[in-house]
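Here is a set of exercises to work through with the model open beside you. Try each task before you read its solution.

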Amino acid sequence: MAVDEYAMYLLLSNPKTMFMLPPFLDDCDQNMLQPLERCEAYLASRGAKPVLRGVTTQLKAKIERDCPGRYSFTPDRDNYEYVYSSQDLCTLQGKKYHSKRNHINKLTASHSFEYRRYTKEDYAACMELYQTWVQDSYKNEYHAVVDALTHFDTLGLVCGLLYVDGQLEAFSVGEKFGDDMAIIHIEKANQALQGAYALINREFVCHEWSELEYINREEDMGIEGLRKAKLSYNPVFLNEKYVGMRSY
C-alpha cells in the first residue's frame with residue numbers, strides 16, 4: 001500500500017494472480033487518468049497485466065468519463081454485494097420469509113435462547129465454535145476471524161452472540177458503514193442446529209442495526225449454496241462490481 005497526495009493504491013496478489021483495486025482518490029473530483037497510469041506502471045513492473053477489480057458502478061462510470069476507451073469492463077457476478085432492508089431482516093414479515101420464520105419457530109419452540117454482545121472473555125468460546133465449522137480452504141478466513149475478535153474495538157466492529165440452552169451456537173460480526181448501512185463481515189453458527197443461522201441473523205440486526213436502513217451481507221464468492229442462501233433473504237438490490245481490463 002502506498003499513499004501520496006493524489007490517491008491510495010492497494011495491490012492484492014496470490015500465487016495465481018495479481019491486481020489492484022481502483023485508486024482511492026483524496027479528491028473525488030480528481031481526474032482518474034494519472035492515478036490509473038500509476039497502477040498500470042506498477043503492475044507492469046511486477047510483470048502483471050493491468051487489471052482492476054472491485055470496480056463499483058459509480059467508479060466504472062467515472063473511469064469511462066475520465067478515460068474513455070482506456071478500459072473494458074465485465075461484470076464480476078461472484079463479487080456482487082447483497083444489500084437488504086434492515087426492517088425486513090429484523091421482522092421477517094410476509095410470505096417471502098415464511099421458511100425463515102418456520103426455522104426459527106422450530107428452534108425456539110423446544111429451546112431457550114439468549115442474544116448478547118461479545119466481550120473479550122468470549123473469545124475462546126467463539127473460536128471453539130469456529131473450529132467445528134472451519135475447513136482447510138478457509139485458512140485465510142481463520143486469520144480474519146482471529147483479528148476481528150481480538151481487535152474488535154480498534155477496528156470499530158460489533159460482535160453478537162447467540163446462546164441456545166446456555167451453549168454458544170452462533171456469532172456474527174459487523175460494522176456501521178456511513179449513515180444508513182451496516183456491513184456483516186462474519187456469520188458462523190452450529191450447522192447441525194436448524195434455525196441457528198436464521199436466528200443469529202435476525203437477532204444481530206434487531207439488537208444492533210435496526211435504526212439503519214440497509215444491511216450489506218457482502219458477496220457470495222460464486223459458491224452455489226451461499227448464493228442460494230443470500231438470495232433467499234430477498235435483497236433490496238445488488239451492489240454490482242466489475243473487472244476492468246486495459247484496452248489496447
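**Exercise 1. A charged residue with two partners**

Does Glu-40 count as buried or exposed? Once you have decided, find its salt-bridge partners, Arg-70 and Arg-246, and place each pair along the chain.

Solution. Keep in mind that this is a predicted model.

Step 1: Glu-40 has a relative accessibility of 11%, so the residue counts as buried, the cut-off being under 20%.

Step 2: Turn to Arg-70, which pairs with Glu-40 through N and O atoms whose closest distance is 2.7 Å. This bridge links distant parts of the chain: Glu-40 sits in helix α1 (residues 33-45), while Arg-70 is in the loop between α2 (57-66) and β7 (71-75), 30 residues apart. Arg-70 is buried too, with a relative accessible area of 17%.

Step 3: Glu-40 also forms a salt bridge with Arg-246, where the closest N and O atoms are 3.0 Å apart. Because Glu-40 belongs to helix α1 and Arg-246 to strand β15 (residues 241-246), this pair ties together parts that are 206 residues apart in sequence. Arg-246 counts as partly exposed, at 24% relative accessibility.

**Exercise 2. From one pair to a network**

Which residue forms a salt bridge with Lys-241, and which residues are joined into one network by salt bridges that share partners?

Solution.

Step 1: The partner of Lys-241 is Glu-81, with the closest N and O atoms 3.0 Å apart. The two residues link distant parts of the chain, as Lys-241 lies in strand β15 and Glu-81 in strand β8 (residues 81-85), 160 residues apart. Both Lys-241 and Glu-81 are buried.

Step 2: Shared partners join Arg-77, Asp-78, Asp-220 and Arg-227 into one salt-bridge network.

Step 3: For the whole structure, the count of salt bridges is 16. As a general background, side chains of opposite charge can pair when their charged atoms come close.

**Exercise 3. Mapping the nonpolar cores**

Which residues of the largest nonpolar core touch the most other members, and which element gives the most to this core?

Solution.

Step 1: The largest nonpolar core has 27 residues, and those touching the most other members are Leu-89, Leu-162, Phe-204, Trp-209, Ile-215 and Tyr-233.

Step 2: At least two residues of this core come from each of β8, α3 (86-91), α4 (98-110), β10 (158-164), β12 (181-189) and α8 (196-209). With 7 residues, α8 gives the most.

Step 3: Now select Phe-204. Setting aside neighbours within four places in sequence, Phe-204 is in contact with Tyr-115, Val-158, Cys-159, Gly-160, Ser-172, Val-173, Gly-174, Ile-184 and Trp-209.

Step 4: There is also a second, separate core of 19 residues, which includes Met-127, Trp-133, Val-146 and Val-173. In soluble globular proteins, nonpolar side chains tend to be buried together.

**Exercise 4. How two helices meet**

At roughly what angle do the axes of α4 and α8 cross, and which residues of the two helices meet?

Solution.

Step 1: The two axes come within 8 Å and cross at roughly 100°. This makes α4 roughly perpendicular to α8, since angles of 65 to 115 degrees count that way.

Step 2: On the α4 side, Lys-100, Ile-104, Leu-107 and Thr-108 meet Ala-196, Ala-198, Leu-199 and Arg-202 of α8.

Step 3: Sorting this contact by class gives 5 nonpolar, 1 polar and 2 charged residues.

**Exercise 5. Positive phi in the loops**

What is the approximate phi of Asn-234, and where does Asn-234 lie? Do the matching exercise for Glu-218.

Solution.

Step 1: Recall that most residues other than glycine have a negative phi.

Step 2: Asn-234 is not a glycine, yet has a positive phi of about 55°. Asn-234 lies in the loop between α9 and β14 (237-239), and counts as partly exposed at 26% relative accessibility.

Step 3: Glu-218 also has a positive phi, near 65°. The place of Glu-218 is the loop between β13 (214-216) and α9 (224-231).

**Exercise 6. The whole chain**

How many helices and strands does the chain have, and what share of the residues counts as buried?

Solution.

Step 1: The chain has 9 helices and 15 strands.

Step 2: Of its 248 residues, 42% count as buried.

Step 3: Among contacts between residues at least 6 apart in sequence, 68% join residues at least 24 apart.

Terms used
Residues numbered from 1 in each chain as written. Predicted model: local features only at pLDDT ≥ 70, side-chain atom pairs only at ≥ 80, totals over all residues. Heavy atoms only, no water. Salt bridge = Lys/Arg side-chain N within 4 Å of Asp/Glu carboxyl O. Helix = DSSP H or I, 4+ residues; strand = E, 2+ residues; numbered from the N terminus. Buried < 20%, exposed > 50% of the residue type's maximum accessible area, 1.4 Å probe, protein only. Core = buried A, V, L, I, M, F, W, Y, C linked by side-chain atoms within 4.5 Å. Contact = heavy atoms within 4.5 Å. Axes fitted to C-alpha atoms, helices over the stretch in contact; angles between N-to-C directions. Parallel < 35°, antiparallel > 145°, perpendicular 65-115°, else oblique. Nonpolar A, V, L, I, M, F, W, Y, C, P; charged D, E, K, R; others polar.
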